Amino acid sequence: MSTASEKLRASAAEALACGRVSLVLGWRKKDFWWQSPVAFVEAAAEAEQLSFDPFSVYNPVKYLLEATECHEKVGVFVKGCDSRGINRLLQDKRLEREQVLIFGLPCSGKADPAKIRAVFPAQKIREVAQEGEELLVRLTDGQERVAAADFLLEKCLTCRHPNPVVFDELLWEPVPVRAGVDVSRFARVNSVAQKEILERYTYWARQFDRCIRCFACRNTCPACNCRSCIFDQAEPRWLGKASDLADTMNYQIIRAFHVAGRCFECGECERICPAGIPLQEMNRRLIMDIDKYFGPYEAGLDAGDSPPLGTYRGEDPAGFDES
Amino acid sequence: MKVTTDKINSNLVKEVEEISGQKVSACFQCGKCTGGCPVVGSMDIFPHRVLRLAQLGLVEELLHSRTLWICASCQTCDSRCPRDVDIPKVIEALRLLLLRRKGGNRLHPASLSARVLANAPQQGLVSAFRKYAK
Amino acid sequence: MPVTREGFEPLIVAFCCNWCSYAGADLAGTSRQPYPSNVRVIRVPCSGRVNPSFIIRAFQRGADGVLVAGCHPGDCHYHSGNYHARRRFTILKQLLEYLGIEPERFQVRWISGSEGAKFSAVMNELTENVRKLGQNRKLRDAR
Amino acid sequence: MKRTGVFICWCGSNIAATVDIELAVAAAKNMPGVVFADQNKYMCSEIGQEIIKEAIRSHRLERVVVASCSPRMHENTFRKTVAAAGLNPYFLEIANVREQCSWVHKDKETATAKAIALIRTAVAKALRNEALFASELPIERRALVIGGGIAGIQAALDIADSGFVVDLVEKEPSIGGRMAQLDKTFPTLDCSACILTPKMVEVAQSEKITLFTYAEIEKVEGYVGNFTVTVRNRARSVDMSKCTGCGDCMLKCPVKVDSEFDLGLVKRRAIYTPFPQAVPNKPAIDREHCRWFTENKCRVCEKICPAGAIDYSQEDELMTVKYGAIVAATGFDPKKLGNYGEYAYGKHPDVLTSLEFERLLNASGPTAGKILRPSNGRPPKNVAFIQCVGSRDKAKGNPYCAKVCCMYTAKHAILLCEKVPGARPFVFYIDVRTPGKDYEEFYNRAYEEYGATYIKGNVSKVFPDGDKLLVRSVDALSGALVELEVEMVVLANSVDARAGAKELAQKLSITTNAFNFFNEAHPKLRPVETHTAGIFLAGTCQGPKDIPETVAQASAAAMKVTALLGKDSLLSTPTVAEVDEKLCTGDMSCLVVCPYGAISEKILEERRGRETVRRKVAEVNMVLCQGCGACTVACRPGAINLKGFTNEQIMAEVEAICL
């Protein structure tokens, strides 16, 4: 087992044993090689289940909303992206800094099971482990080593903050930012934006047509932390119940608008979408426009700053005809 | 000198504004430029009047003025102008207008022989092509 | 959807702030400056009161064009409402265009209480532009 | 569904000529919720209103829609009508079928269709209207005036005259302000002190006015009718109750400092009154320069004071007082000329600002009213007056016109001629602006009777040339170059907002323009009010103005104050924001966008199972809220709603208007 997982276990066990926290959020291995869901550890003895492997991708931060209701102080392991979720909750006053003990995990990216399956026969894979810069793929009939960088999740390829931006303890040395992320960050947005208007509509209509309104994108998003979401309300009925393209567009537009200036690009919405809708392309489009019109801003880096949609400057340019 | 609607509406003023990047209409004729100009004694049209004439479309009259060739672009006027008008730029635009009108002020690529094209330094060519071009 | 003999008639919904643009619309009336009857105004206290959800809902229910009109920057009756509106609708407008909605369909304008002629001109322009585009099918409910 | 009545007005032929009223009435009868529809030639007339009242009674109407002219016209009329019939006035909705329908459309068929859609929309909204009530607030019947110049003095006197108690807070040791520095006033050449000093004395003697000099505003909290203000009374080091104002201390004090009042042209002592006519005429110790406070020796004033009034142990005192209304009258600062090296100000002693020249003119000034060159103490013969120094200069000064310079320069030219026989004033101007009663005539006298030479041309540079000054310019009218040799140059420097204006504006929660002048609520129709109810403006803190305008505005502000304080209670606007605590997340997005500071955090205790949990929610102060609704959009879960323009109402309008 990797030293990373051991460090997690040791930190969690220590924090629980000495009573600094009564719950620790991390990851554990589940039935399949590609499953590493969020683990809830309440006793030092249970810390053994913790694991940090190429699939510990889920953002545990959103669970803090409920966890802090019944625990005075909660320990949480965060990657770079997860840590910005903490700042999101702090800024939204959904969390107090003293309520969490943050273990920071510099992260050079998580693996995309689909990319692994594309190379190795799915039935044969038994385990995939991180060994330095490589993935060790154990198959039913042997094992192979491949470069981890070739199997990264889409969202990790454009990650600008692989190191936690807020933490109490850092478990290991920070890692460098991948080269070229600034170019690739908006590459998909730009390629869609370059299409003709009708093509753009057709592109998005095809994407949204698949939406089954499961709300997974909302539920996983730490920026979507309202006690009561407007999409669940009956009066006024903000969103129709029919699974109609127009209603879906309404949902997607307003969802994106609600996270505008607040989305910190963890990309979980897109990764988790069962219909494979490229939601990050919408979120990032808003980020592009916010940067362009209101000045560069990255959400989730500083819990003390002011998100661009609550402030204004008299001399703001307008993205419409002001004549 | 006579102000007419044709002159006021002529494109020459726009051209001067476009070349210079200055708004001649911003001037309110305070005369601070003229008062401080070190070479005003040799000018036939004073700097503030250059702007006034331009405002009224009397650009032709300006083009014949000695002032264009007297102005040393020392920027004294510009540094004191309360309306932020860069007068040397306006005067330079008038000079350019004349030069362009005269023609023959730049190289045309087609007019060069293949030997020249092959041997001349590229930077020199580029600058010669672009000289005074719009 | 009103359809006359001449063919397609667009429906334009205009959210007008009470202090400037609604007064501008009234002035267009008092000074008899005509604009097409396709335009219908909803009165709101301030452009900062207009929720993007209202705009999407109007498109869903059959509006072919939507206008948000408020006081000129610096003139907001409530000091800052239109500044917030400007930020919100700047990004909403870019997003709608990015999703393939024609830019002419959603407009934001500043119209003061003294700009009756401008209100009328904007309405004429908006109606004509949307008329050329034809019916909004992209954001409209299927039923 | 609420029983709704629709009343369609013909407005004579104004509506009826374009809208088919019969058709509209018929259509209205079929709208959801409508139980009654009627029409009248003039709904706003006595008869029309009776029809509405009668129908409310006989048809037991719960909501009323009037299709007529703009709500900006008659909404209040009809609200009173429905209130008279026993309904809440906010159960009324207006469909604007005149200004926004019949007057702008010609085709009867489409205009009628649109009118019906507008009525349908109003009905849809009315069905969701809820009873709204304005709440009543008590008023603290005491006013605060900030600034003791002519604006503050006039405002305080007028408020006191109406019987209300006023506190007047002045930063300097004496009231009087800029006007006290002036010699004569245009266009009548009244002596400034002769008309100001009686008012200053009146302030001191008024039983209704309490004067706090050497005091500053520390903090302002609360809202209209109920402000709580903390004032810092700076340590004067002189016991005001013992001091008789004999002035012996000021004669014996060994420390000499540039006099602020005389703009450094003479020295004052460390214990000082700013000027001889000061009110209160009791000195203060300037601790920054006093030898006791800087070097721990001296105490001469203490020894000399016959009343034993010197008290070095005094400390700043904070006092907290409640006020119902506040007048800001903090005045202006003359522009500093650091950017204008070309005028040789500071390089040659005979280049003066206009306020410095004003002190030379003044009988109690440094030269006892004689115009003498600071360089050699002799009267000047030729004097250049340069206008628009730092005004109308978007490149390095203020883009705006300072408004008073043209007139006071004409005054200076006249006074120069009167005081120095044979003197020649030269006025360099860009434009001469003299709107105002008797102003143009005054300016005419300057060049007709006194022979001032007006030259249209901004001076480009002033060259010190031996003991003279060389002024270079052009006369733009003749095109002639101008080069004058003068003995004195007077710069009409621009009017800046008072240093510290921005900070005071923040304390008062009022806004400023780009140049830190306080913003009025409306440039034409509410020129003395601010966006913050209960705070009013007087004088140059709002923008450059002359004395008559300042006094007029001060009286206007005083009138606004007395109108406010004279009310029994305040009624707040009922269309305010309201929080649904169930939905509220407590992230305070609403608080951030509220321009009135009307939203605050509240801790809610609620039962969850057996436990009591505490959570944060937003709370709206109904008095501060003005009903803009910016918060409702900032609130993602839709927890904060605007009464009278609720999400439900607007959504219903959208649905109905698109039908």
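Of the 143 residues in chain C of this predicted model, buried residues make up 71%, where buried denotes under 20% relative accessible area, exposed over 50%, and partly exposed the range in between, evaluated with a 1.4 Å probe on protein chains only. The model being predicted, local features require pLDDT of at least 70 and side-chain atom pairs count only at pLDDT 80 or more, whereas totals for chains, interfaces and linings use all residues. Residues are numbered from 1 along each chain as its sequence is written, chains are lettered from A and ligands numbered from 1 in the order in which they are written, and side-chain values use heavy atoms, with hydrogens and water left out.

Chain C contains four helices and six strands, these being DSSP runs numbered from the N terminus (helices H or I, at least four residues; strands E, at least two). Read from the N terminus, the order of these elements in chain C is β-β-β-α-β-α-β-α-β-α. The radius of gyration of chain C, taken over C-alpha atoms, is 15 Å, in agreement with the value near 15 Å that a compact globule of 143 residues would have under the rule of 2.2 Å times the number of residues to the power 0.38. The C-alpha trace of chain C spans about 40 × 35 × 20 Å along its principal axes. Among the contacts in chain C (heavy atoms within 4.5 Å) with a separation of 6 or more, 81% are between residues 24 or more positions apart.

The area exposed by chain C is about 3,900 Å², of which carbon and sulfur atoms supply 50%, as given by the Shrake-Rupley method with a 1.4 Å probe.

In chain A, an open sheet of five strands with mixed pairing follows the order β2-β1-β3-β4-β8, two strands being paired if DSSP finds at least two bridges between them. Strands β2 (38-41) and β8 (169-170) of chain A stand at the edges, and because each has a single partner strand, one side of each is left without a neighbour in the sheet. Strand β1 (residues 23-27) of chain A runs antiparallel to β2(A), to which four bridges join it; A:W27 is placed opposite A:V38 in β2(A).

In chain D, D:S555 lies in helix α15 (residues 547-565) and, with 26% relative accessibility, counts as partly exposed. When residues up to four places away in sequence are set aside, D:S555 touches D:Q154 and D:D158. The C-alpha atoms of D:S555 and D:K502 are 24 Å apart in space, the two residues being 53 residues apart in sequence.
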